[in-house]
Amino acid sequence: YHAQPSQGTEQEKMDYALNNKRRVIRLVLQWAALYGDLLQEDEAAMAFLEEFYVSVSDDTRMIAALKEQLPELEKIVKQVSEESKASQKKHKVLLQLFNTSDDRAQKRQPIRGSDEVLFKVYCIDQTYTTIRVPMSSSVKEVISAVADKLGSGEGLIIVKMSSGG
């Protein structure tokens, strides 16, 4: 974000820095727009977005040309932050992927998008159900399948849990 060339006139260095900063801001905006749902559960990503926003805000005091991107960045940061707070209040559902065919692993065949995977869906009330979805399913499609199976999509979120032992 702060890379600057070592050669050139002062104006060329400023133009180079401004263009780099604009590209990085655009990249972060696209990243947050695409992965906002996932970022809200990642404390490090949230901290990065907030720190990045503060850094860009500070830079707008010295580089007025960055001010045009600041409102959009602020909107994304607030949106992801608000979704993060709201998701903490929702019921959590755990999806556990388990292998439906051990012979595929033994034969070392590639996984195809048309292959189906089986998920165990654990609910907060200690019950679970199973769903089968194509490997190429998006997160929204998986959540939709869970909602159909459970009869309600209200307050569903995906939680990834892992264990070291």
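User: Which residues make the nonpolar surface patch of about 530 Å²?

Analyst: Keep in mind that this is a predicted model. Helix H1, residues 10-39, gives the patch its largest share, 4 residues. Phe48 belongs to helix H2, residues 43-62. The full set is Trp31, Leu34, Tyr35, Leu38 and Phe48.

User: Does Phe48 count as buried, partly exposed or exposed, and at what relative accessibility?

Analyst: Buried means under 20% relative accessible area, and exposed means over 50%. Phe48 falls between those cut-offs, so the label is partly exposed, at 37%.

User: How far apart are the end C-alpha atoms of H1, and what would a straight helix reach?

Analyst: H1 has 30 residues, and at 1.5 Å a residue a straight helix would reach 44 Å. H1 falls short of that, with its end C-alpha atoms only 38 Å apart.

User: Where is the kink in H1 centred?

Analyst: The bend there is about 55°. The residue at its centre is Ala33.

User: Which residues of H1 are buried?

Analyst: Here, buried stands for under 20% relative accessible area. Across the whole chain, 30% of the 165 residues are buried. In H1, they are Ala17, Leu18, Asn20, Lys21, Ile25, Val28, Leu29, Ala32, Gly36 and Leu39.

User: What pattern does the chain follow along the sequence?

Analyst: The chain holds 5 helices and 4 strands. Read in order, they give α-α-α-β-α-β-β-α-β.

Methods:
Residues are numbered from 1 along each chain as its sequence is written. This is a predicted model: local features need pLDDT of at least 70, side-chain atom pairs count only at pLDDT 80 or more; totals for chains, interfaces and linings use all residues. Side-chain values use heavy atoms; hydrogens and water are left out. Helices (H or I, at least four residues) and strands (E, at least two) are DSSP runs, numbered from the N terminus. Buried means under 20% relative accessible area, exposed over 50%, partly exposed in between (1.4 Å probe, protein chains only). Patches are made of residues with over 30% relative accessible area and no salt bridge: like charges are joined within 9 Å, nonpolar side chains (Val, Leu, Ile, Met, Phe, Trp, Tyr) within 5 Å. Accessible areas come from the Shrake-Rupley method with a 1.4 Å probe; for residues, only the protein chains shown count as cover. A salt bridge is a side-chain nitrogen of Lys or Arg within 4 Å of a carboxyl oxygen of Asp or Glu. The expected span of a helix is 1.5 Å times one less than its number of residues. The bend at a residue is the angle between axes fitted to the seven residues ending there and the seven starting there.
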